[in-house]
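I opened the notebook to look up three things here: a surface patch, a metal site and a pocket. The entries follow in that order.

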Amino acid sequence: MFALLVLMCFGDKLDEKQIKQVEFVQRRQLLTFARFNILNLWPKLTRLVMRKRWEEFFQIRREQHEVLLPLILARKRMVEERKKKMEEEEEEYVQSYVDTLLDLELPEEKRKLNEDEIVSLCSEFLNGGTDTTATALQWIMANLVKNPEIQERLYEEVKGAEEIEVEKMPYLKAVVLEGLRRHPPGHFVLPHSVTEDTVLGGYKVPKKGTINFMVAEIGRDPEVWKEPMAFKPERFMGEEVDITGSRGIKMMPFGAGRRICPGIGLAMLHLEYYVANMVKEFEWKEVQEHKVDLTEKLEFTVVMKHPLKARAVPRT
Ligand code: HEM
């Protein structure tokens, strides 16, 4: 998943060593996220009393720059060369995320993004799109291992297809949606700030107050969902479910409204393709010594406390 996101971000394929370097700086950032969060609460105060931690934070950021920036600049040079070539030889190339950032002009400020901003946006793209999708995939596969009859019904839908055409596979979509409802990778959205005094559900929320939403509880509300803790993709069959929240909210694994996850389309596509191909090529069986255990554990996302261990038997 990470290598795929790196390819989408920087364009041309990087070698294994480069991917490992990117993975190292990004993973370290994720793992230290909680430790540095406090610096953000009272920056003026913590700059005085937590100087060591600030230094550590800047050092990690510097090292991230040292790895990501050369890749961005190399891509910039390559795109410029290719653009020249294209004019001469009409050659085409696939756009990467970095290309779009290099082209972007901020309309209000009438300026291009600077290097620091591009590094941050690449980092956000890589971190935002890897753990979330990989976690969701693991939960979905765990439920398919635990429920062989659901896996079999899905296999019936995907087995004949030469290529996976997700729009013709309603049960596949239902399996992915049920996975996201029952096990959203994030149990909360990112913190949101209120722009004016307001009242929500009878509670006064003051201007600048921080609020969040209980994503997992919403998707497991027994007043909205029948048998909410059961894994039943059938509940999504024949029913158009809108997960963007534009027509009411029954589940919101990607958030809702203006700050909804910008990777929603990509994530759904990745999940559908991965699940379909994994089930098409292999039968996923439970291993006696490693029974599927759906206990949750909070890391950067809410992951399986005991990661899935299954036997993948090639389909003949
Ligand atoms: C199953 C996969 C994913 C899930 C469940 C997920 C979920 C979320 C959630 C809940 C938020 C916060 C929304 C809010 O605060 O209201 C978010 C934000 C974000 N996601 Fe995703 N996401 C996924 C995949 C991706 C992918 C593939 C990308 C990009 C490649 C991505 C990039 C982002 C970014 C950049 C933000 C921050 C947006 C902002 O600050 O406004 N996500 N995501």
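Entry one, the patch. I found that I38, L41, W42, L45, L48 and V49 make up a nonpolar surface patch whose accessible area together is about 660 Å². A patch takes residues with over 30% relative accessible area and no salt bridge, with nonpolar side chains (Val, Leu, Ile, Met, Phe, Trp, Tyr) joined within 5 Å. Two or more residues come from each of α2 (16–41) and α3 (43–49); α3 gives the most, three residues, while L41 lies in helix α2. Helices are DSSP runs (H or I, at least four residues), numbered from the N terminus.

I note that this is a predicted model, in which local features need pLDDT of at least 70 and side-chain atom pairs count only at pLDDT 80 or more, while totals for chains, interfaces and linings use all residues. Residues are numbered from 1 along each chain as its sequence is written, and side-chain values use heavy atoms, with hydrogens and water left out.

Entry two, the metal. For the iron atom of the ligand I found C261 (SG), at 2.3 Å, as the only protein donor, donors being N, O and S atoms within 2.8 Å of the metal (3.2 Å for Na, K and Ca). C261 sits in the loop between α9 (215–219) and α10.

Entry three, the pocket. The second largest pocket holds about 240 Å³ of space. Its lining has 14 residues, of which K173, L177, E239, E240 and V241 are the closest to the centre. A pocket is an open set of points on a 1 Å grid where a 1.4 Å probe fits, with protein on both sides within 12 Å along at least five of seven lines, and lining residues have an atom within 4 Å of a point. I found that α8 gives the largest share of this lining, four residues.

Terms used. Grid points are joined across faces, edges and corners, and a volume is the space filled by probe spheres set on the points. Patches are made of residues with over 30% relative accessible area and no salt bridge: like charges are joined within 9 Å, nonpolar side chains (Val, Leu, Ile, Met, Phe, Trp, Tyr) within 5 Å. Accessible areas come from the Shrake-Rupley method with a 1.4 Å probe; for residues, only the protein chains shown count as cover. A salt bridge is a side-chain nitrogen of Lys or Arg within 4 Å of a carboxyl oxygen of Asp or Glu.
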